[in-house]
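Dear colleague,

Please find below the structure that I am handing over to you. My notes on it follow directly after it.

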Amino acid sequence: MALLVALTGCAADPEASGESSGETGTGTAAEVTTAASAAAESSSTTLEIPPGSPTFYEDVLPVIAAQCMGCHTPGGIGVFDLADYEIAKTLASALTAQTAVRAMPPFVASNTGECNTFTDARWLTDDEIDLFARWEQAGAPQGDASLPRPVPPTADGLVGEEILALRSPADYVPVADDAGGADDYQCFLVDPEVVDTARYLIGYEVAPGNPAVTHHLIGFLVDPEGTTPFGGTNGSLMASLDAASPDQLGWDCYGAAGNGVLVQGTPVTWAPGGGAFNFPEGTGIRIDPGYQLVLQMHYNLAAGQEAAQTEVRLSMVDEVEREAVNALDDRFLATLFNGTSVEIPPGESSFVWKWQAPIREWDSRISGWEKVEILGMLPHMHGLGRRMQVTIHSGDTEQCGIYVDRWDFNWQQAFMYETPIVVSPSDQLEIVCDWDTSAKDTPTTPGLGTGNEMCLLGIYVAEAK
Ligand code: HEC
(Lines give C-alpha, C1' and ligand atoms only; values in the text may rest on other atoms or scores of the structure.)
Protein backbone atom coordinates (compact mmCIF):
# COMPACT_ATOMS: atom_id res chain seq x y z
CA MET A 1 0.00 0.00 0.00
CA ALA A 2 2.84 2.37 0.88
CA LEU A 3 4.32 1.65 -2.52
CA LEU A 4 1.08 2.44 -4.31
CA VAL A 5 0.66 5.74 -2.50
CA ALA A 6 4.25 6.76 -3.26
CA LEU A 7 3.87 5.90 -6.93
CA THR A 8 0.61 7.73 -7.25
CA GLY A 9 2.14 10.86 -5.84
CA CYS A 10 5.02 10.56 -8.26
CA ALA A 11 2.90 9.87 -11.33
CA ALA A 12 0.63 12.80 -10.56
CA ASP A 13 3.58 15.11 -11.01
CA PRO A 14 3.57 15.75 -14.78
CA GLU A 15 7.27 16.53 -14.88
CA ALA A 16 8.34 13.36 -13.12
CA SER A 17 6.05 11.14 -15.23
CA GLY A 18 6.86 12.93 -18.46
CA GLU A 19 3.19 13.29 -19.32
CA SER A 20 1.43 16.25 -20.77
CA SER A 21 -0.23 18.13 -17.97
CA GLY A 22 -3.97 17.95 -17.39
CA GLU A 23 -4.18 14.21 -18.01
CA THR A 24 -3.61 13.11 -14.46
CA GLY A 25 -6.82 11.04 -14.24
CA THR A 26 -6.14 8.18 -16.67
CA GLY A 27 -2.38 8.72 -16.77
CA THR A 28 -2.11 8.08 -13.07
CA ALA A 29 -4.15 4.89 -13.18
CA ALA A 30 -2.18 3.43 -16.10
CA GLU A 31 1.12 4.32 -14.47
CA VAL A 32 0.06 2.70 -11.22
CA THR A 33 -1.02 -0.48 -13.04
CA THR A 34 2.36 -0.90 -14.68
CA ALA A 35 4.17 -0.19 -11.47
CA ALA A 36 1.83 -2.38 -9.48
CA SER A 37 2.20 -5.34 -11.84
CA ALA A 38 5.95 -4.90 -11.75
CA ALA A 39 5.81 -4.96 -7.98
CA ALA A 40 3.57 -8.02 -8.11
CA GLU A 41 6.29 -10.04 -9.78
CA SER A 42 8.27 -10.01 -6.58
CA SER A 43 5.31 -10.53 -4.26
CA SER A 44 2.42 -12.98 -4.13
CA THR A 45 -0.38 -10.38 -4.18
CA THR A 46 -1.42 -8.67 -7.38
CA LEU A 47 -2.56 -5.09 -7.09
CA GLU A 48 -4.10 -4.51 -10.46
CA ILE A 49 -5.84 -1.25 -11.19
CA PRO A 50 -7.23 -1.33 -14.73
CA PRO A 51 -6.18 1.67 -16.81
CA GLY A 52 -8.78 4.40 -16.92
CA SER A 53 -10.32 3.34 -13.61
CA PRO A 54 -12.01 6.07 -11.60
CA THR A 55 -10.17 7.16 -8.48
CA PHE A 56 -11.46 8.52 -5.20
CA TYR A 57 -10.06 12.05 -5.34
CA GLU A 58 -10.58 12.65 -9.08
CA ASP A 59 -13.98 11.06 -9.62
CA VAL A 60 -15.78 9.70 -6.56
CA LEU A 61 -15.28 12.47 -4.00
CA PRO A 62 -16.91 15.18 -6.18
CA VAL A 63 -20.08 13.02 -6.31
CA ILE A 64 -19.89 12.35 -2.57
CA ALA A 65 -19.50 16.08 -1.87
CA ALA A 66 -22.54 16.91 -4.00
CA GLN A 67 -24.80 14.02 -2.98
CA CYS A 68 -23.74 12.50 0.34
CA MET A 69 -21.98 15.03 2.55
CA GLY A 70 -25.19 16.75 3.59
CA CYS A 71 -25.55 13.77 5.93
CA HIS A 72 -22.35 11.67 5.86
CA THR A 73 -20.13 14.20 7.54
CA PRO A 74 -18.64 14.30 11.05
CA GLY A 75 -21.51 14.87 13.50
CA GLY A 76 -24.12 14.33 10.75
CA ILE A 77 -27.11 11.95 10.73
CA GLY A 78 -25.33 9.68 8.23
CA VAL A 79 -22.88 8.41 10.88
CA PHE A 80 -19.74 7.88 8.78
CA ASP A 81 -17.62 10.56 7.08
CA LEU A 82 -17.61 9.61 3.39
CA ALA A 83 -15.09 12.34 2.51
CA ASP A 84 -12.49 10.26 4.34
CA TYR A 85 -10.80 7.99 1.77
CA GLU A 86 -10.05 5.15 4.19
CA ILE A 87 -13.68 5.04 5.37
CA ALA A 88 -15.09 5.24 1.85
CA LYS A 89 -12.70 2.50 0.69
CA THR A 90 -13.78 0.14 3.49
CA LEU A 91 -17.40 0.80 2.56
CA ALA A 92 -16.87 0.59 -1.23
CA SER A 93 -19.15 -2.42 -1.73
CA ALA A 94 -21.86 -0.89 0.48
CA LEU A 95 -21.66 2.34 -1.52
CA THR A 96 -22.15 0.36 -4.74
CA ALA A 97 -25.01 -1.69 -3.32
CA GLN A 98 -26.88 1.19 -1.68
CA THR A 99 -26.61 3.49 -4.70
CA ALA A 100 -27.48 0.72 -7.20
CA VAL A 101 -30.89 0.15 -5.58
CA ARG A 102 -31.26 3.91 -4.97
CA ALA A 103 -31.55 3.39 -1.21
CA MET A 104 -28.89 6.11 -0.94
CA PRO A 105 -29.13 9.03 -1.15
CA PRO A 106 -32.59 8.56 0.39
CA PHE A 107 -35.41 9.76 -1.89
CA VAL A 108 -38.49 7.55 -2.03
CA ALA A 109 -40.11 8.95 -5.20
CA SER A 110 -38.97 8.07 -8.68
CA ASN A 111 -37.22 11.03 -10.29
CA THR A 112 -36.36 9.42 -13.64
CA GLY A 113 -38.69 11.75 -15.53
CA GLU A 114 -41.13 8.96 -16.40
CA CYS A 115 -43.35 10.26 -13.61
CA ASN A 116 -42.20 13.87 -13.24
CA THR A 117 -39.09 15.34 -11.66
CA PHE A 118 -38.90 17.17 -8.36
CA THR A 119 -37.04 20.16 -6.99
CA ASP A 120 -34.07 19.40 -4.69
CA ALA A 121 -34.28 15.71 -5.57
CA ARG A 122 -31.59 13.63 -3.89
CA TRP A 123 -31.04 11.64 -7.05
CA LEU A 124 -27.94 10.21 -8.73
CA THR A 125 -27.60 9.95 -12.52
CA ASP A 126 -27.11 6.44 -13.92
CA ASP A 127 -23.49 7.42 -14.69
CA GLU A 128 -22.89 8.37 -11.05
CA ILE A 129 -24.29 5.02 -9.88
CA ASP A 130 -22.07 3.26 -12.40
CA LEU A 131 -19.10 5.26 -11.12
CA PHE A 132 -19.41 3.79 -7.61
CA ALA A 133 -19.51 0.28 -9.11
CA ARG A 134 -16.52 0.84 -11.41
CA TRP A 135 -14.53 2.38 -8.55
CA GLU A 136 -15.24 -0.60 -6.32
CA GLN A 137 -14.35 -3.08 -9.10
CA ALA A 138 -11.04 -1.30 -9.66
CA GLY A 139 -10.15 -1.89 -6.00
CA ALA A 140 -11.23 1.55 -4.76
CA PRO A 141 -8.07 3.42 -5.86
CA GLN A 142 -7.18 6.62 -4.07
CA GLY A 143 -5.92 8.90 -6.83
CA ASP A 144 -4.29 12.23 -6.22
CA ALA A 145 -4.79 13.22 -2.58
CA SER A 146 -3.27 16.64 -3.23
CA LEU A 147 -6.21 17.77 -5.37
CA PRO A 148 -8.30 20.58 -3.87
CA ARG A 149 -11.26 19.17 -1.95
CA PRO A 150 -14.65 19.63 -3.66
CA VAL A 151 -17.03 21.76 -1.63
CA PRO A 152 -20.61 20.58 -0.99
CA PRO A 153 -23.15 22.84 -2.71
CA THR A 154 -24.31 25.81 -0.65
CA ALA A 155 -27.83 25.32 0.59
CA ASP A 156 -30.67 27.63 -0.42
CA GLY A 157 -31.27 30.54 1.93
CA LEU A 158 -34.65 31.35 3.43
CA VAL A 159 -36.45 34.09 1.50
CA GLY A 160 -38.34 36.74 3.44
CA GLU A 161 -37.99 39.53 5.98
CA GLU A 162 -40.05 38.37 8.88
CA ILE A 163 -38.69 35.13 10.28
CA LEU A 164 -40.38 33.56 13.27
CA ALA A 165 -38.23 31.05 15.20
CA LEU A 166 -40.09 28.24 16.99
CA ARG A 167 -38.28 25.65 19.07
CA SER A 168 -38.81 22.13 20.34
CA PRO A 169 -38.19 21.82 24.10
CA ALA A 170 -34.50 21.99 25.03
CA ASP A 171 -34.87 19.39 27.76
CA TYR A 172 -36.61 16.61 25.87
CA VAL A 173 -34.55 13.41 25.98
CA PRO A 174 -35.52 10.92 23.22
CA VAL A 175 -36.71 7.53 24.46
CA ALA A 176 -37.82 4.37 22.62
CA ASP A 177 -41.62 4.04 22.46
CA ASP A 178 -44.23 1.78 20.83
CA ALA A 179 -42.70 2.37 17.41
CA GLY A 180 -39.70 0.24 18.40
CA GLY A 181 -36.07 0.92 19.05
CA ALA A 182 -34.97 2.74 15.91
CA ASP A 183 -36.58 6.16 16.19
CA ASP A 184 -38.52 8.06 18.82
CA TYR A 185 -41.54 9.93 17.43
CA GLN A 186 -42.62 12.78 19.66
CA CYS A 187 -45.03 15.68 19.14
CA PHE A 188 -44.71 19.20 20.57
CA LEU A 189 -47.14 22.09 20.28
CA VAL A 190 -45.75 25.44 19.08
CA ASP A 191 -47.50 28.72 18.33
CA PRO A 192 -47.01 30.50 14.96
CA GLU A 193 -48.41 33.62 16.66
CA VAL A 194 -51.14 34.45 14.15
CA VAL A 195 -53.60 36.54 16.12
CA ASP A 196 -56.19 38.77 14.44
CA THR A 197 -56.01 38.14 10.71
CA ALA A 198 -54.71 35.24 8.65
CA ARG A 199 -51.05 35.26 7.61
CA TYR A 200 -49.11 33.24 5.05
CA LEU A 201 -46.16 30.90 5.30
CA ILE A 202 -43.87 31.39 2.29
CA GLY A 203 -40.91 29.24 3.38
CA TYR A 204 -39.15 27.56 6.26
CA GLU A 205 -35.87 26.13 7.38
CA VAL A 206 -34.91 23.78 10.17
CA ALA A 207 -31.79 23.95 12.33
CA PRO A 208 -31.36 20.73 14.29
CA GLY A 209 -29.64 21.25 17.65
CA ASN A 210 -27.84 17.93 17.21
CA PRO A 211 -27.76 16.81 13.55
CA ALA A 212 -26.75 13.25 14.54
CA VAL A 213 -30.02 12.82 16.43
CA THR A 214 -32.64 14.64 14.36
CA HIS A 215 -33.80 12.27 11.64
CA HIS A 216 -36.88 14.05 10.49
CA LEU A 217 -39.44 16.72 11.30
CA ILE A 218 -43.03 17.30 10.14
CA GLY A 219 -45.00 20.40 11.09
CA PHE A 220 -48.78 19.78 11.15
CA LEU A 221 -51.24 22.65 11.06
CA VAL A 222 -53.98 22.21 13.67
CA ASP A 223 -57.05 24.26 14.60
CA PRO A 224 -57.33 23.88 18.41
CA GLU A 225 -61.06 24.70 18.17
CA GLY A 226 -61.63 22.05 15.48
CA THR A 227 -63.69 18.97 16.32
CA THR A 228 -61.94 15.58 16.29
CA PRO A 229 -63.55 12.50 14.68
CA PHE A 230 -64.13 11.26 18.25
CA GLY A 231 -65.92 14.47 19.32
CA GLY A 232 -64.33 17.13 21.58
CA THR A 233 -61.84 19.69 20.36
CA ASN A 234 -58.32 19.21 19.07
CA GLY A 235 -57.11 21.53 21.82
CA SER A 236 -58.50 19.45 24.66
CA LEU A 237 -57.41 16.20 23.00
CA MET A 238 -53.82 17.45 22.65
CA ALA A 239 -53.83 18.61 26.27
CA SER A 240 -54.93 15.17 27.43
CA LEU A 241 -52.39 13.40 25.20
CA ASP A 242 -49.69 15.59 26.72
CA ALA A 243 -50.97 14.99 30.25
CA ALA A 244 -51.05 11.21 29.70
CA SER A 245 -47.24 11.10 29.82
CA PRO A 246 -46.37 13.45 32.70
CA ASP A 247 -42.80 12.15 32.73
CA GLN A 248 -42.26 13.33 29.11
CA LEU A 249 -42.48 16.69 27.39
CA GLY A 250 -44.96 16.52 24.51
CA TRP A 251 -46.66 13.27 23.53
CA ASP A 252 -46.04 10.10 21.53
CA CYS A 253 -47.31 10.32 17.96
CA TYR A 254 -46.69 8.32 14.83
CA GLY A 255 -49.18 8.66 11.95
CA ALA A 256 -49.84 12.36 12.41
CA ALA A 257 -50.14 14.77 15.32
CA GLY A 258 -51.35 12.14 17.80
CA ASN A 259 -54.23 9.70 17.87
CA GLY A 260 -57.47 11.45 16.91
CA VAL A 261 -56.04 14.93 16.32
CA LEU A 262 -57.56 16.36 13.14
CA VAL A 263 -54.81 18.04 11.11
CA GLN A 264 -55.32 20.64 8.37
CA GLY A 265 -52.09 20.06 6.50
CA THR A 266 -48.36 19.51 6.61
CA PRO A 267 -46.88 22.90 5.73
CA VAL A 268 -43.44 21.88 7.03
CA THR A 269 -41.67 18.63 6.08
CA TRP A 270 -37.95 18.39 6.65
CA ALA A 271 -35.18 15.80 6.34
CA PRO A 272 -31.46 16.40 6.96
CA GLY A 273 -29.14 17.59 4.29
CA GLY A 274 -31.38 20.19 2.68
CA GLY A 275 -31.32 23.94 3.02
CA ALA A 276 -34.28 26.25 3.35
CA PHE A 277 -37.52 25.45 1.56
CA ASN A 278 -39.20 28.38 -0.18
CA PHE A 279 -42.69 27.86 -1.63
CA PRO A 280 -42.99 28.79 -5.33
CA GLU A 281 -42.68 32.54 -5.72
CA GLY A 282 -45.85 34.49 -5.05
CA THR A 283 -47.52 31.61 -3.20
CA GLY A 284 -47.91 30.92 0.50
CA ILE A 285 -49.92 28.71 2.82
CA ARG A 286 -52.60 30.43 4.89
CA ILE A 287 -52.43 30.18 8.65
CA ASP A 288 -55.66 31.29 10.30
CA PRO A 289 -55.76 33.14 13.63
CA GLY A 290 -55.31 30.83 16.58
CA TYR A 291 -54.02 27.91 14.52
CA GLN A 292 -51.12 26.01 16.04
CA LEU A 293 -48.34 23.86 14.70
CA VAL A 294 -47.59 20.42 16.04
CA LEU A 295 -43.95 19.54 15.44
CA GLN A 296 -43.54 15.81 15.01
CA MET A 297 -39.89 15.02 15.63
CA HIS A 298 -38.19 11.77 14.64
CA TYR A 299 -35.17 11.23 16.87
CA ASN A 300 -32.57 8.71 15.77
CA LEU A 301 -32.01 6.57 18.88
CA ALA A 302 -28.91 4.89 17.43
CA ALA A 303 -27.05 8.16 17.98
CA GLY A 304 -27.70 8.01 21.73
CA GLN A 305 -30.31 9.54 23.98
CA GLU A 306 -29.22 13.12 24.26
CA ALA A 307 -31.39 16.17 24.67
CA ALA A 308 -31.38 18.38 21.57
CA GLN A 309 -33.40 21.47 20.77
CA THR A 310 -34.43 21.99 17.16
CA GLU A 311 -35.35 25.36 15.73
CA VAL A 312 -37.93 25.78 12.96
CA ARG A 313 -37.79 29.17 11.23
CA LEU A 314 -40.96 30.25 9.48
CA SER A 315 -40.95 33.01 6.87
CA MET A 316 -44.28 34.80 7.27
CA VAL A 317 -46.01 37.54 5.26
CA ASP A 318 -49.36 39.34 5.45
CA GLU A 319 -50.37 38.85 1.83
CA VAL A 320 -49.53 36.64 -1.15
CA GLU A 321 -50.41 36.82 -4.84
CA ARG A 322 -51.85 33.32 -4.78
CA GLU A 323 -52.87 31.34 -1.75
CA ALA A 324 -51.45 27.83 -1.81
CA VAL A 325 -53.70 25.21 -0.32
CA ASN A 326 -52.08 22.28 1.44
CA ALA A 327 -54.70 19.67 2.19
CA LEU A 328 -54.71 15.99 3.16
CA ASP A 329 -57.11 13.18 2.33
CA ASP A 330 -57.08 9.48 3.13
CA ARG A 331 -60.17 7.49 2.13
CA PHE A 332 -58.55 4.33 3.48
CA LEU A 333 -58.37 5.89 6.95
CA ALA A 334 -61.89 7.24 6.44
CA THR A 335 -63.28 3.68 6.26
CA LEU A 336 -62.66 3.52 10.01
CA PHE A 337 -65.28 6.17 10.61
CA ASN A 338 -67.86 5.44 7.90
CA GLY A 339 -68.61 1.85 8.82
CA THR A 340 -66.86 0.19 5.85
CA SER A 341 -63.58 -0.47 7.65
CA VAL A 342 -61.05 -2.18 5.41
CA GLU A 343 -58.55 -4.69 6.75
CA ILE A 344 -55.24 -5.57 5.18
CA PRO A 345 -54.87 -9.35 5.38
CA PRO A 346 -51.67 -10.83 6.89
CA GLY A 347 -49.15 -12.91 4.96
CA GLU A 348 -49.28 -11.00 1.66
CA SER A 349 -46.07 -9.83 0.02
CA SER A 350 -48.15 -7.29 -1.89
CA PHE A 351 -51.65 -6.12 -0.97
CA VAL A 352 -53.06 -3.28 -3.05
CA TRP A 353 -55.90 -0.91 -2.18
CA LYS A 354 -56.97 2.09 -4.19
CA TRP A 355 -59.24 5.04 -3.88
CA GLN A 356 -60.01 8.06 -5.98
CA ALA A 357 -61.65 11.44 -5.58
CA PRO A 358 -61.98 14.72 -7.50
CA ILE A 359 -59.25 17.15 -6.51
CA ARG A 360 -61.82 19.71 -5.32
CA GLU A 361 -62.77 17.37 -2.50
CA TRP A 362 -59.37 17.87 -0.84
CA ASP A 363 -60.39 21.38 0.18
CA SER A 364 -63.52 23.48 -0.40
CA ARG A 365 -61.44 26.45 -1.61
CA ILE A 366 -60.44 24.50 -4.74
CA SER A 367 -64.04 24.28 -6.08
CA GLY A 368 -64.10 28.00 -6.78
CA TRP A 369 -61.03 27.89 -9.03
CA GLU A 370 -61.17 27.59 -12.79
CA LYS A 371 -57.86 25.74 -13.08
CA VAL A 372 -55.73 24.12 -10.39
CA GLU A 373 -51.95 24.16 -10.45
CA ILE A 374 -50.58 21.17 -8.56
CA LEU A 375 -47.30 22.35 -7.04
CA GLY A 376 -46.43 19.20 -5.10
CA MET A 377 -47.59 16.09 -3.32
CA LEU A 378 -47.02 14.37 0.00
CA PRO A 379 -47.54 10.59 -0.06
CA HIS A 380 -47.81 8.86 3.32
CA MET A 381 -48.09 5.29 4.57
CA HIS A 382 -46.70 3.50 7.63
CA GLY A 383 -44.10 0.76 8.11
CA LEU A 384 -45.73 -1.91 5.91
CA GLY A 385 -45.89 0.39 2.87
CA ARG A 386 -43.98 -0.70 -0.25
CA ARG A 387 -45.17 1.45 -3.11
CA MET A 388 -47.61 4.26 -3.78
CA GLN A 389 -48.76 5.59 -7.11
CA VAL A 390 -50.89 8.63 -7.90
CA THR A 391 -52.56 8.95 -11.32
CA ILE A 392 -54.37 12.07 -12.49
CA HIS A 393 -57.49 11.40 -14.58
CA SER A 394 -58.75 14.26 -16.74
CA GLY A 395 -61.71 13.00 -18.77
CA ASP A 396 -60.37 10.14 -20.88
CA THR A 397 -56.72 11.04 -20.49
CA GLU A 398 -54.48 10.15 -17.60
CA GLN A 399 -51.04 11.22 -16.45
CA CYS A 400 -48.68 10.12 -13.75
CA GLY A 401 -48.72 12.22 -10.57
CA ILE A 402 -46.07 10.58 -8.41
CA TYR A 403 -44.56 7.11 -8.17
CA VAL A 404 -43.09 6.09 -4.82
CA ASP A 405 -41.36 2.84 -5.57
CA ARG A 406 -39.27 2.45 -2.39
CA TRP A 407 -41.43 3.70 0.46
CA ASP A 408 -39.54 4.23 3.70
CA PHE A 409 -41.31 5.82 6.67
CA ASN A 410 -38.03 7.41 7.74
CA TRP A 411 -37.65 9.41 4.56
CA GLN A 412 -41.14 10.73 3.96
CA GLN A 413 -41.33 14.29 2.69
CA ALA A 414 -43.26 16.60 0.39
CA PHE A 415 -42.23 16.43 -3.27
CA MET A 416 -42.53 19.66 -5.25
CA TYR A 417 -42.69 19.49 -9.05
CA GLU A 418 -40.03 21.05 -11.22
CA THR A 419 -42.89 21.61 -13.68
CA PRO A 420 -46.24 22.03 -11.88
CA ILE A 421 -49.24 20.19 -13.33
CA VAL A 422 -52.39 22.11 -14.32
CA VAL A 423 -55.75 20.32 -13.97
CA SER A 424 -59.45 21.08 -13.44
CA PRO A 425 -61.04 20.99 -9.98
CA SER A 426 -63.19 18.07 -11.17
CA ASP A 427 -60.24 15.98 -12.36
CA GLN A 428 -59.75 12.82 -10.32
CA LEU A 429 -56.73 11.73 -8.35
CA GLU A 430 -56.37 7.97 -8.06
CA ILE A 431 -54.19 6.71 -5.21
CA VAL A 432 -52.84 3.17 -5.15
CA CYS A 433 -51.20 1.90 -1.97
CA ASP A 434 -49.27 -1.34 -1.82
CA TRP A 435 -48.32 -3.00 1.49
CA ASP A 436 -46.20 -6.00 2.44
CA THR A 437 -47.74 -7.95 5.32
CA SER A 438 -45.68 -11.12 4.90
CA ALA A 439 -44.18 -10.68 8.39
CA LYS A 440 -47.60 -10.31 10.04
CA ASP A 441 -50.01 -12.94 11.28
CA THR A 442 -52.95 -10.70 12.13
CA PRO A 443 -54.90 -8.25 9.94
CA THR A 444 -53.87 -4.59 9.85
CA THR A 445 -56.48 -1.88 10.21
CA PRO A 446 -56.36 1.78 9.16
CA GLY A 447 -55.33 4.21 11.89
CA LEU A 448 -52.74 6.64 13.16
CA GLY A 449 -50.87 4.22 15.44
CA THR A 450 -47.65 2.34 14.72
CA GLY A 451 -49.55 -0.92 14.24
CA ASN A 452 -52.01 0.65 11.77
CA GLU A 453 -51.65 1.73 8.18
CA MET A 454 -52.54 4.81 6.15
CA CYS A 455 -52.92 5.60 2.45
CA LEU A 456 -52.80 9.37 2.60
CA LEU A 457 -52.18 11.92 -0.09
CA GLY A 458 -51.38 15.52 0.73
CA ILE A 459 -51.47 18.06 -2.09
CA TYR A 460 -50.00 21.56 -2.50
CA VAL A 461 -52.11 23.47 -5.01
CA ALA A 462 -52.80 27.04 -6.09
CA GLU A 463 -55.23 28.58 -8.54
CA ALA A 464 -53.56 28.54 -11.97
CA LYS A 465 -52.79 32.02 -13.29
C1 HEC B 1 -30.37 12.88 3.66
C2 HEC B 1 -29.28 12.24 4.38
C3 HEC B 1 -28.38 11.26 3.64
C4 HEC B 1 -27.80 11.43 2.40
C5 HEC B 1 -27.87 12.63 1.47
C6 HEC B 1 -27.06 10.21 2.15
N7 HEC B 1 -27.19 9.35 3.20
FE8 HEC B 1 -26.39 7.48 3.35
N9 HEC B 1 -27.30 7.22 5.16
C10 HEC B 1 -28.04 8.17 5.84
C11 HEC B 1 -28.51 7.62 7.10
C12 HEC B 1 -29.33 8.34 8.15
C13 HEC B 1 -28.03 6.30 7.15
C14 HEC B 1 -28.28 5.27 8.25
C15 HEC B 1 -29.32 4.31 7.81
C16 HEC B 1 -30.68 4.94 7.57
O17 HEC B 1 -31.22 5.62 8.45
O18 HEC B 1 -31.22 4.77 6.45
C19 HEC B 1 -27.28 6.09 5.92
C20 HEC B 1 -26.66 4.88 5.59
C21 HEC B 1 -25.83 4.71 4.50
C22 HEC B 1 -25.11 3.48 4.21
C23 HEC B 1 -25.12 2.25 5.06
C24 HEC B 1 -26.39 1.50 4.75
C25 HEC B 1 -26.47 0.22 5.52
O26 HEC B 1 -27.56 0.00 6.04
O27 HEC B 1 -25.48 -0.50 5.55
C28 HEC B 1 -24.41 3.69 3.04
C29 HEC B 1 -23.49 2.72 2.35
C30 HEC B 1 -24.71 5.04 2.60
N31 HEC B 1 -25.57 5.62 3.50
C32 HEC B 1 -24.21 5.62 1.45
C33 HEC B 1 -24.56 6.88 0.99
C34 HEC B 1 -24.06 7.45 -0.23
C35 HEC B 1 -23.05 6.79 -1.17
C36 HEC B 1 -24.64 8.67 -0.36
C37 HEC B 1 -24.49 9.67 -1.49
C38 HEC B 1 -24.50 9.15 -2.85
C39 HEC B 1 -25.53 8.86 0.78
N40 HEC B 1 -25.44 7.76 1.58
C41 HEC B 1 -26.31 9.98 1.00
C42 HEC B 1 -28.33 9.44 5.38
C43 HEC B 1 -27.98 9.96 4.14
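**The hairpin of β14 and β15**

In the hairpin formed by β14 and β15, two residues lie between the strands, and Gly-395 takes a positive phi near 60°. Helices (H or I, at least four residues) and strands (E, at least two) are DSSP runs here, numbered from the N terminus. The model is a predicted one: local features need pLDDT of at least 70, side-chain atom pairs count only at pLDDT 80 or more, and totals for chains, interfaces and linings use all residues. Residues are numbered from 1 along each chain as its sequence is written.

Strands β14 and β15 pair in the antiparallel sense over seven bridges; two strands count as paired if DSSP finds at least two bridges between them. Within this pairing, Val-390 stands opposite Ile-402 in β15.

**The sheet of four strands**

The hairpin belongs to an open, antiparallel sheet of four strands, ordered β12-β17-β14-β15. The edges are taken by β12 (351–358) and β15 (397–404), each of which has a single partner strand, so one side of each is left without a neighbour in the sheet. On average, neighbouring strands of this sheet are turned by 20° against each other, direction ignored; the axes are lines fitted to C-alpha atoms (for helices over the stretch in contact), and angles run from 0 to 180 degrees between N-to-C directions.

Which residues of β17 face those of its partner strands? Strand β14 (residues 385–394) is joined to β17 (residues 428–435) by eight bridges, and the two run antiparallel. Along this pair, Thr-391 stands opposite Glu-430, and Met-388 stands opposite Cys-433. Strands β12 and β17 also pair in the antiparallel sense, over eight bridges, and there Val-352 has Asp-434 in β17 as its bridge partner. As general background, strands of a sheet pair through backbone hydrogen bonds, either parallel or antiparallel.

**The sheet of five strands**

A further open sheet has five strands in the order β5-β2-β9-β4-β6, with antiparallel pairing. Here β5 (251–252) and β6 (265–270) stand at the edges with a single partner strand each, so one side of each is left without a neighbour in the sheet. Strand β5 pairs with β2 over two bridges in the antiparallel sense, and Cys-187 has Trp-251 in β5 as its bridge partner.

The loop between β2 (183–190) and β3 (199–207) holds Glu-193. Glu-193 has a positive phi of about 55° although it is not a glycine. With 13 C-beta neighbours inside 10 Å, Glu-193 counts as partly exposed. By the definition used, a residue is buried if 20 or more other C-beta atoms lie within 10 Å of its own, exposed if 12 or fewer, and partly exposed in between, with C-beta atoms placed from the backbone.

**The ligand and the loop after α6**

Around the ligand there are 22 residues, of which Cys-68, Cys-71, Met-104, Pro-105 and Gly-273 come nearest. A residue is near a molecule or strand if its C-beta atom, placed from the backbone, lies within 6 Å of it. The residues of this shell divide into 13 nonpolar, eight polar and one charged. In this division Ala, Val, Leu, Ile, Met, Phe, Trp, Tyr, Cys and Pro count as nonpolar, Asp, Glu, Lys and Arg as charged, and the others, Gly among them, as polar.

Helix α6 (residues 92–100) gives the most to the shell, with four residues. At least three residues of the shell come from each of domain 2 (53–146) and domain 3 (162–320); the domain bounds come from an automatic or database domain assignment.

Pro-105 is found in the loop between α6 and α7 (126–137), and the peptide bond from Met-104 to Pro-105 is cis, with omega near -10°. The loop between α6 and α7 also holds Arg-102. Arg-102 is not a glycine, yet has a positive phi of about 55°. Arg-102 is partly exposed, with 19 other C-beta atoms within 10 Å.

**Helix α4 and the chain as a whole**

In helix α4 (residues 56–67), the buried residues are Phe-56, Tyr-57, Val-60, Leu-61, Val-63, Ile-64 and Gln-67. Their cover includes α5 (85–90) and α7, where two residues are in contact if their C-beta atoms, placed from the backbone, lie within 7 Å.

The protein chain contains ten helices and 18 strands. Of its 465 residues, 40% count as buried.

With kind regards
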